[in-house]
Amino acid sequence: MARFQDEKLTGLQKSAILLITLGPEKSASIFKHLKEEEIEELTLEIANTRSITPQIKDEVINEFYQVCLAQQYIAEGGIGYAKELLEKALGSEKAMDVIGRLTASLQVKPFEFIRKTEPSQLLNFIQDEHPQTIALILAYLSPQQASSIISALPQERQADVAKRVAMMDRTSPDVIKEVEKVLESKLASLVNQDYTIIGGVDQVVEILNAVDRGTEKHIMETLEIEEPELADEIRKKMFVFEDILLLDDRAIQRVLHDVDNNDLAMALKGSNEQVQNAIFNNLSKRLASMIKEDMEFMGPVRMKDVEEAQQKIVNIIRKLEDSAEIVVSRGGGDEIIV
């Protein structure tokens, strides 16, 4: 194990060293997925880290890689499968050490045996279950698997299940175990005894982003009647400004035709270079130059103003998609008519 000033590295110290080693750009991407208090702790630790030897860097990176590898193996085939592969790569003692640290610090998701099942087979397995049970299972599946299943459910059940996924917060391990028992779970012993956070609006957004447009539209129209506030929250998250990269040049040009130049400059102020290039490449040289000048003279701006401008453009995109004036490349079963 690596030493840090003659002491064992803490998890916080390892995380700080990892982020320092990865560099600011990759670290910034990781920060987007952390809680505020975690970011504060890591930022303070990074600030207090004065020097790191190449040996410590290598050991932290290697440990991180081993844990990621173990997590991947567990997801693919369970603890036994991960142990077998890691033993071949690292030896028996090191493999058990990695798996021990992983299962102690990270939750192994329930329903692993279901996540490796074909969606068509799984549909036959769960379609007669209570909507709440289906929602619980979908919350643990990948968005691609969940979208295939929710699309194949009877229409009268789709919105109900989607609503239950969105409104799901914390589920007792006892309930999860009971569902797993009913579904002949093989991994009930791996369920962490702490409450498991699943579902939520973000989860249902990922599912709806992957289904075909017809299924999404039916679910959203139903939710707008039954749960208008929830529907509004879901709709705001379903297509983010950066997703403009999913549009072809003709669609981008159509969108820009309806966008106010001031809103465009503000929206681009907070976007990445790839999005900016996609926009500028679809503007005349004169207009692109003018927008760039506006962005330059704008100076520092509030993130709230940037987000509002981006949301305006997103709303235009959704409206044009609904009226079939543009097509957003998406997963699911959208039909292409030649």
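Lys163 touches Leu223, Glu226, Glu227 and Leu230, leaving aside residues up to four places away in sequence. The model described here is predicted. Lys163 is found in helix 10. Its relative accessible area is 17%, so Lys163 counts as buried; the cut-off for that class is under 20%.

Met167 lies in helix 10 as well. Its relative accessible area is 52%, and Met167 is therefore classed as exposed, the limit for that class being over 50%. Beyond its neighbours within four places in sequence, Met167 is in contact with Glu227 and Leu230. Glu227 and Leu230 also appear among the residues touched by Lys163. A further distance places Met167 relative to Ala135. The two residues are 32 positions apart along the chain, and their C-alpha atoms are separated by 9.9 Å.

The overall make-up of the protein is as follows. The secondary structure comprises 19 helices and 4 strands. The protein has 338 residues, and 41% of them are buried. Contacts with a separation of 6 or more were also examined. Of these, 74% join residues 24 or more positions apart. The exposed surface of the protein comes to about 19800 Å², and carbon and sulfur atoms supply 50% of that area. The structure holds 0 aromatic pairs.

The largest nonpolar core has 34 residues. Within this core, Leu138, Ile150, Val161 and Ile234 touch the most other members. Several helices contribute to the core. Helix 7 (119–126), helix 8 (131–140), helix 9 (143–152) and helix 10 (155–167) are among those that each supply at least two residues. Helix 12 (201–210), helix 13 (213–226) and helix 14 (228–238) likewise each supply at least two. The largest share, 7 residues, comes from helix 8. Ile234 illustrates the packing. Not counting residues up to four places away in sequence, Ile234 touches Ala166, Val201, Val204, Val205, Leu208, Met220 and Leu223. Leu223 is also touched by Lys163.

A second core, separate from the one above, has 31 residues. Phe280, Leu283, Ile291 and Ile326 are included in this second core. Lys292 lies over the face of Phe280, at 4.8 Å from the ring centre.

Helix 16 spans residues 261–269. Its buried residues are Asp263, Leu264, Ala265, Met266, Ala267 and Leu268. These buried residues pack against helix 15 (249–257), helix 17, helix 18 and helix 19 (303–322). A polar contact marks the start of helix 16. There, a side-chain oxygen of Asp260 reaches to within 2.9 Å of the backbone nitrogen of Asn262. Asn261 can be placed relative to Met290. Their C-alpha atoms are separated by 9.2 Å, and the two residues are 29 positions apart along the chain. Met290 is in helix 18. At 31% relative accessibility, Met290 is partly exposed.

Asn282 occupies the loop between helix 17 (273–280) and helix 18 (285–298). Its relative accessibility is 11%, so Asn282 counts as buried. A polar atom of the Asn282 side chain lies 2.8 Å from the backbone oxygen of Ala278. Asn282 also touches Asp249, Ile252, Gln253 and Leu256, with residues up to four places away in sequence not counted.

Ala324 is found in the segment after helix 19. Its backbone stands out. Most residues other than glycine have a negative phi. Ala324 is not a glycine, yet its phi is positive, at about 65°. The relative accessible area of Ala324 is 65%, so this residue is exposed.

Helix 4 covers residues 54–90, and Leu90 lies in it. Leu90 has a relative accessible area of 29% and is therefore partly exposed. Gln66 is 24 residues from Leu90 along the chain. The C-alpha atoms of Leu90 and Gln66 are separated by 9.0 Å.

Conventions
Residues are numbered from 1 along each chain as its sequence is written. This is a predicted model: local features need pLDDT of at least 70, side-chain atom pairs count only at pLDDT 80 or more; totals for chains, interfaces and linings use all residues. Side-chain values use heavy atoms; hydrogens and water are left out. Buried means under 20% relative accessible area, exposed over 50%, partly exposed in between (1.4 Å probe, protein chains only). Contact means heavy atoms within 4.5 Å. Accessible areas come from the Shrake-Rupley method with a 1.4 Å probe; for residues, only the protein chains shown count as cover. A nonpolar core is a set of buried Ala, Val, Leu, Ile, Met, Phe, Trp, Tyr and Cys residues joined through side-chain atoms within 4.5 Å. A polar contact is a pair of N or O atoms within 3.5 Å; within protein, one must be able to donate a hydrogen and the other to accept it, and residues adjacent in sequence count only if both atoms are side-chain atoms. Rings of Phe, Tyr and Trp (its six-membered ring) pair if their centres lie within 6.5 Å; planes under 30 degrees apart count as stacked, over 60 as edge-to-face and the rest as tilted. A charge sits over a ring if NZ of Lys or CZ of Arg is within 6 Å of the ring centre and within 35 degrees of the ring normal.
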